[in-house]
Amino acid sequence: MGELGEDSSVVVVVGASLAGWRAVETLRSEGYGGAITLVGEELHLPYDRPPLSKQVLAGTWPPEKAVLADTRRTDELRVREVLGRRAVGLDAAGRKVTLDDGTVLSADGVVIATGAAPRQLPSVGGLGPRDGLFTLRTMDDSVALRAAVTGRDSARVVIIGAGFIGAEVASTCAGLGCRVTVLEALDIPLAPVLGPMVGGHCASLYRSHGVTLQLGVSVAGVRRGGEGDAGAGAGVPPLVVELADAQAVPADVVVVGIGVAPLTGWLEDSGLTIENGVVCDDRLFAADGVVAAGDVARWRWRYDGTEELIRIEHWQVAAEAGVAAARSLLAGRADATAFTPIPYFWSDQFGIRFQVLGSPGGGDEVVIADGSLDEGKFVALYGRAGRLRAVMAIGRPRQLMGFRPLLEAGTSWDDALAHAAG
Ligand SMILES: Cc1cc2nc3c(=O)[nH]c(=O)nc-3n(C[C@H](O)[C@H](O)[C@H](O)COP(=O)(O)OP(=O)(O)OC[C@H]3O[C@@H](n4cnc5c(N)ncnc54)[C@H](O)[C@@H]3O)c2cc1C
């Protein structure tokens with residue numbers, strides 16, 4: 001095996017999705033001439049996930065429109081694809097990746113980009129998509145979920161979890177004419193992320209779009225419906241969501257949206273540090289010659305004189321991390337530069353776009369800097385420890401981006417408020 005700069009060298013990218021694909025593109029655009037092997041558990045070439053809860057679920061986009069890389073592009077970039085294969089082990093020191101068919105891939109550089117998988121409810125008695133119980137992460141999930149919610153008139157869709165995925169699925173299903181109920185354990189949706197004021201606004205969005213939102217409820221499990229579940233004039237529901245207070249919520253389709261966990265099981269004996277993700281340094285190195293990017297990576301994020309181990313589950317950061325990880329691999333650990341993005345994410349729901357820059361927290365001080373909650377269009381500033389930490393906006397994209405330089409400069413909370421007032 002040669003050094004990474006040599007044409008005889010090999011980079012193995014594990015995870016054929018956004019971060020992995022951005023790493024592949026970057027290796028080539030930065031002049032890497034060696035071999036690239038892209039390993040992916042799914043049979044699909046890389047595609048984008050945001051449309052899965054939006055346009056693909058709504059039926060306004062065919063699945064092909066979400067594709068990130070087709071075979072013409074992978075041929076052009078001379079990528080050897082190994083799809084439908086799962087990596088089951090990594091020897092980080094030896095840079096060897098073992099696949100589920102026993103193949104061992106030796107590499108000079110490894111990119112870990114295995115993303116995250118939905119958390120499952122524990123008490124579902126073996127029920128799954130064929131029974132109408134779904135999670136939503138893959139294209140196959142989205143296509144199957146769409147078939148289920150459009151397979152009958154006014155399907156009763158019960159969504160467990162009022163996070164961003166839950167809200168987007170609720171919004172899309174309501175738009176498809178489904179009767180949608182959302183069950184959320186918190187008293188205010190998204191309060192730990194966006195705070196109670198903005199979270200309360202999110203709750204009002206569900207309700208004003210005809211979605212039944214039950215807050216502060218605990219789901220005990222999901223089971224098949226029986227004769228005893230048939231209400232007056234209603235048939236036996238295919239599924240029933242049981243709540244801890246003994247309430248039974250009938251459903252044709254149940255979608256579990258209770259968050260995701262990083263896919264690190266295959267790295268257990270790798271020698272890497274795994275703690276809520278693959279722990280990396282500030283340049284995305286998990287070990288010499290091994291970098292991680294995207295939803296699976298937890299790296300030392302330096303911002304405004306602070307440093308924290310952070311893992312972010314959003315598109316923009318995953319895309320930027322794929323680029324940064326490839327650059328780091330090519331530069332080598334000593335010469336690589338730190339990955340210091342200003343995190344950004346968006347969510348489309350109920351006809352509006354949420355956009356968030358920075359890293360908000362539920363306990364932050366929140367001030368509306370432009371517009372108002374009543375108007376439904378506003379910019380909110382998030383302050384913590386005397387500093388501006390995040391900015392979120394609904395229907396104010398230009399104004400939001402106007403605050404970006406302040407976040408980049410690490411502005412004090414007082415200066416940010418003065419800027420907003422001026
Ligand atoms: C429905 C949905 C909607 C979203 N909407 C938004 C949005 O509006 N805005 C936003 O900012 N973000 C959104 N996101 C989040 C965004 O899509 C993710 O942050 C992004 O996909 C992360 O990319 P990734 O490459 O790190 O991981 P992933 O996209 O999860 O890809 C990881 C890939 O690795 C494969 N893999 C896993 N383990 C192995 C293994 N052992 N061997 C081989 N392959 C493996 C997986 O099969 C998968 O294909 C959404 C996500 C979903 C699911």
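**The ligand shell and a small sheet**

Thirty-four residues, or 34 as the count is given, surround the ligand, and the closest of them are S17, E42, R49, K54 and R137. I should say at the outset that what we are looking at is a predicted model, and I will take the ligand and its surroundings before turning to one of the sheets.

If we divide the residues of that shell by character, we find 16 nonpolar, 8 polar and 10 charged.

Let me go through three polar approaches to the ligand, beginning with S17, which has a polar side-chain atom 2.7 Å from an oxygen atom of the ligand. For L18 the atom concerned belongs to the backbone, an N or O that lies 3.3 Å from an oxygen atom of the ligand, and for H314 it is again a polar backbone atom, here at 3.4 Å from a ligand oxygen. As for the ligand's surface, it exposes 1000 Å² when taken alone, and the protein buries 95% of that. The elements that contribute two or more residues to the shell are the helices α1 (18-29), α5 (164-175) and α7 (315-331), together with the strand β23 (344-349).

I would like to stay with S17 for a moment, since it was among the closest residues I named. This serine sits in the loop between β1 (10-14) and α1, and its side chain makes a polar contact, at 3.3 Å, with the side chain of R49, which is likewise listed among the closest residues to the ligand. Is S17 buried or exposed? Its relative accessible area is 14%, under the 20% cut-off, and so S17 counts as buried.

D370, by comparison, is placed in strand β25 (residues 365-372), and with a relative accessibility of 26% this aspartate counts as partly exposed. Between the C-alpha atoms of D370 and P343, which stand 27 residues apart along the chain, the separation is 21 Å.

Now to the sheet, which is an open one of 3 strands in the order β4-β5-β6, with antiparallel pairing. Its edges are formed by β4 (87-91) and β6 (104-106), and because each has a single partner strand, one side of each is left without a neighbour in the sheet. On average, and with direction ignored, neighbouring strands here are turned by 20° against each other. Looking at one pair in detail, β5 (residues 96-99) and β6 run antiparallel and are paired over 3 bridges, and V97 has L105 in β6 as its bridge partner.

Definitions and conventions
Residues numbered from 1 in each chain as written. Predicted model: local features only at pLDDT ≥ 70, side-chain atom pairs only at ≥ 80, totals over all residues. Heavy atoms only, no water. Pairing = 2+ DSSP bridges. Helix = DSSP H or I, 4+ residues; strand = E, 2+ residues; numbered from the N terminus. Axes fitted to C-alpha atoms, helices over the stretch in contact; angles between N-to-C directions. Near = heavy atom within 4 Å. Polar contact = N/O pair within 3.5 Å; in protein donor to acceptor, adjacent residues only side chain to side chain. Areas by Shrake-Rupley, 256 points an atom, 1.4 Å probe, with all protein chains shown as cover. Nonpolar A, V, L, I, M, F, W, Y, C, P; charged D, E, K, R; others polar. Buried < 20%, exposed > 50% of the residue type's maximum accessible area, 1.4 Å probe, protein only.
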